[in-house]
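Visitor: I would like to learn how to read a few features of a structure. Please show the structure, and I will ask as we go.

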There are 2 protein chains.
Amino acid sequence: MATATPAAETEVKEEEQVVNPWEVSAGKGGIDYDKLVDQFGCQRIDAALVDRIARLTARPPHRFLRRGLFFAHRDLSEVLDLYERGEKFYLYTGRGPSSEALHLGHLIPFMFTKYLQDAFKVPLVIQLTDDEKFLWKNLTVEECKRLARENAKDIIACGFDVERTFIFSDFEFVGGKFYENMVKISKCVTCNKAVGIFGFSPEDPIGKYSFPPVQAAPSFPSSFPHLFGGNNQLRCLIPCAIDQGENTKMSASDPNSAIYVTDTPKEIKNKVNRYAFSGGQDSIELHRKLGANLDVDVPIKYLNFFLEDDDELERIKTEYKEGRMLTGEVKQRLVEVLSGMVARHQRARAQVTEEMVDAFMAARPLPNMFG
Amino acid sequence: MATATPAAETEVKEEEQVVNPWEVSAGKGGIDYDKLVDQFGCQRIDAALVDRIARLTARPPHRFLRRGLFFAHRDLSEVLDLYERGEKFYLYTGRGPSSEALHLGHLIPFMFTKYLQDAFKVPLVIQLTDDEKFLWKNLTVEECKRLARENAKDIIACGFDVERTFIFSDFEFVGGKFYENMVKISKCVTCNKAVGIFGFSPEDPIGKYSFPPVQAAPSFPSSFPHLFGGNNQLRCLIPCAIDQGENTKMSASDPNSAIYVTDTPKEIKNKVNRYAFSGGQDSIELHRKLGANLDVDVPIKYLNFFLEDDDELERIKTEYKEGRMLTGEVKQRLVEVLSGMVARHQRARAQVTEEMVDAFMAARPLPNMFG
């Protein structure tokens, strides 16, 4: 990207001068633009550059350029180099819709952008950051969306060409109702709270800080208008495991000891026999005498999860505990259970076609979902 | 929402026990589930609750319920109360797709969810957090999306009903290419950096921390596949004002002194005459003798922005500076310029229909945008 004035997304602090997207406070004597240009890593828009723009567009430069009111840039020369060789570019500007009526200062970037669009004959995207205003101001989502649309009218009135201009509201375009819920959730959680709950560090990317609302949004039926359109009181039940990562390995110390749904019967047999910690005794004689300690026995834990038959499970537990059944026999039954289950999964998965995946993943109504 | 085990989105720290969505580390003797239930604010799933589920669904409870493997809940009784009165609910579960093959532990929540779907006959949404895995792991977006689709096959193989089940990838469903770019950008900026640049505080909501990528995403043509599909090398030029909030008031100390696009000619005249700071002298005699100080004169600043004619502007500045033109005359010309401009804007805005707004805001191709 290139900019025609310093990017507003950088902050310059020196003495009392603060310029960031949400704050402009000048030091004594007003904003020091030279300092800004330096600190934002920009170049001045000089007379030669203005002449070049006039030549390339075959029209007089805008008064904002003639009079040095748009005074700095980043990479504009490079964009013009490419333009001269026939490679076009696109324009991007925007507005945070927090009030009904714009003042003349708000119009200035749009006036200049319209000139650029007309002069270079290039497309333009205009972002209305209704989500930003919802986060920063005490306004409802609906009010922010309404203001975005009202402001769009003022922007359109500046004379933009509908054949070259795409105006979008973040709430409407970025991700519809799902995104709206993400933003609502993200307004309710402070950074401190997220750090406390999730253990994020200051060196973690902001993407991690933004992720929890993505995972919370599906809890609200309004995130899925194609499924629940209107029925926003519907309850959501979330089945979840708390530590599925913890107890699924045959041996806690060996990450390769988990049983995968892709394992062969031979691999399953090997993993169970080799890694599954036994609560049985060291010798058959001792085992017959003392029996197994079920509390630490991994095969029993697995059978508890995966053997459907309650009576058989009880029988195995009793026999094993009292020493009549040996670890090898319990492991053999577990291998049967797991191999059967994994084989059934593999057969079922082999029948899942790309078309079936598309069908499940299509954002579609489910007319019989409660039927 | 209600949960059938403790919500994974909360962390419990006591001695060495840490349980959050990305970390499970047990204290001595393994996870203390009683402690978890307490600290997550959950209730135990007891025999009476299991019986109630069996009665309401007219089928035996799943072995995970019979054997206390899904052992805690939040608000499940309330969901069942509503269900008993004929009000359905929906299920939400998910998976972070970071590996090709699932192990048996990964299947457990899906097995239980399938049982709930079959037993209660309710819809289910399954979130595949490919965005989460992109943020946390060293994987490309494409790889995360591929893994999401591969994992979807394993999930489908668990036997879910396509008439009741919507599986979605965050990258595909939340906001398409625009959201993909948001996430990519948000992986490149640390929290520390965002705090430094934007001045966020720990008490600010995480929504503010997540916002800068929303504003950066339009700089990349790939955010707009409907406009630039494929042409991802296209340059973007961003015209922007650095301090439009700062210099647009007639009087810096009076926020009502800005000229709005909704102002009447009378309001404009009043604001200019009353508030616009003059660089002229206190008396006509002194002004004729000393002339105006243009550097501090607000009307001249406004004419510099809004009077198109360079020659006239130069003439006014010279005459005013040398005392031949009075403040009142300069202000009168400014009132004419601003009133004309605002009136033109008001006429243009009055002609903007809702249909025109829809046309500009439709996510559509612009076939002639470079023409």
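Visitor: Where in chain A is the place of A:Glu150?

Guide: Two conventions first. Residues are numbered from 1 along each chain as its sequence is written, and chains are lettered from A and ligands numbered from 1 in the order in which they are written. This is a predicted model, in which local features need pLDDT of at least 70, side-chain atom pairs count only at pLDDT 80 or more, and totals for chains, interfaces and linings use all residues; side-chain values use heavy atoms, with hydrogens and water left out. Helices (H or I, at least four residues) and strands (E, at least two) are DSSP runs, numbered from the N terminus. A:Glu150 belongs to helix α7 of chain A, residues 141-156.

Visitor: Is A:Glu150 buried or exposed, and which residues does A:Glu150 touch?

Guide: Buried means under 20% relative accessible area, exposed over 50%, and partly exposed in between (1.4 Å probe, protein chains only). With a relative accessible area of 17%, A:Glu150 is buried. Contact means heavy atoms within 4.5 Å. Leaving aside residues up to four places away in sequence, A:Glu150 touches A:Glu100 and B:Arg349.

Visitor: Which residues does A:Arg235 touch?

Guide: A:Arg235 lies in strand β10 of chain A, residues 235-238. A:Arg235 is partly exposed, at a relative accessible area of 24%. Not counting residues up to four places away in sequence, A:Arg235 touches B:Glu78, B:Val79, B:Leu82, B:Phe89 and B:Tyr90.

Visitor: Where is the place of B:Asn138?

Guide: B:Asn138 is in the loop between α6 (130-136) and α7 (141-156) of chain B. B:Asn138 is exposed, with a relative accessible area of 79%. From B:Asn138 to B:Arg333 there are 63 Å, C-alpha to C-alpha, and 195 residues in sequence.

Visitor: By what turn and shift can chain B be laid on chain A?

Guide: Copies are superposed by least squares on the C-alpha atoms of residues with pLDDT of at least 70 in both. A turn of 180° and a shift of 0.0 Å along the axis lay chain B on chain A with an RMSD of 0.1 Å. That is the relation of a two-fold axis. The C-alpha of chain B nearest the axis belongs to B:Gly175, 2.1 Å from it. As for the interface, 100% of the interface residues of chain B are also interface residues in chain A, so the copies meet through the same surface.

Visitor: How many disulfides are there over all chains?

Guide: A disulfide is a covalent bond between the sulfur atoms of two cysteines. The rule used here is a pair of cysteine sulfur atoms within 2.5 Å. By this rule the count over all chains is zero. For B:Cys144, the nearest cysteine sulfur is that of B:Cys188, 14 Å away. B:Cys144 counts as buried, at 0% relative accessibility. B:Cys236 is in no disulfide either, and the nearest cysteine sulfur, that of B:Cys240, is 11 Å away. B:Cys236 counts as buried at 1% relative accessibility.

Visitor: How much space lies in the largest cavity, and which residues are the closest to its centre?

Guide: On a 1 Å grid over the protein atoms alone, a cavity is a set of points where a 1.4 Å probe fits but cannot get out; lining residues have an atom within 4 Å of a point. Grid points are joined across faces, edges and corners, and a volume is the space filled by probe spheres set on the points. The largest cavity holds about 230 Å³ of space. Of its 21 lining residues, A:Tyr179, A:Met182, A:Ser210, B:Met182 and B:Ser210 are the closest to the centre.

Technical notes: On a 1 Å grid over the protein atoms alone, a cavity is a set of points where a 1.4 Å probe fits but cannot get out, and a pocket is an open set with protein on both sides within 12 Å along at least five of seven lines; lining residues have an atom within 4 Å of a point.
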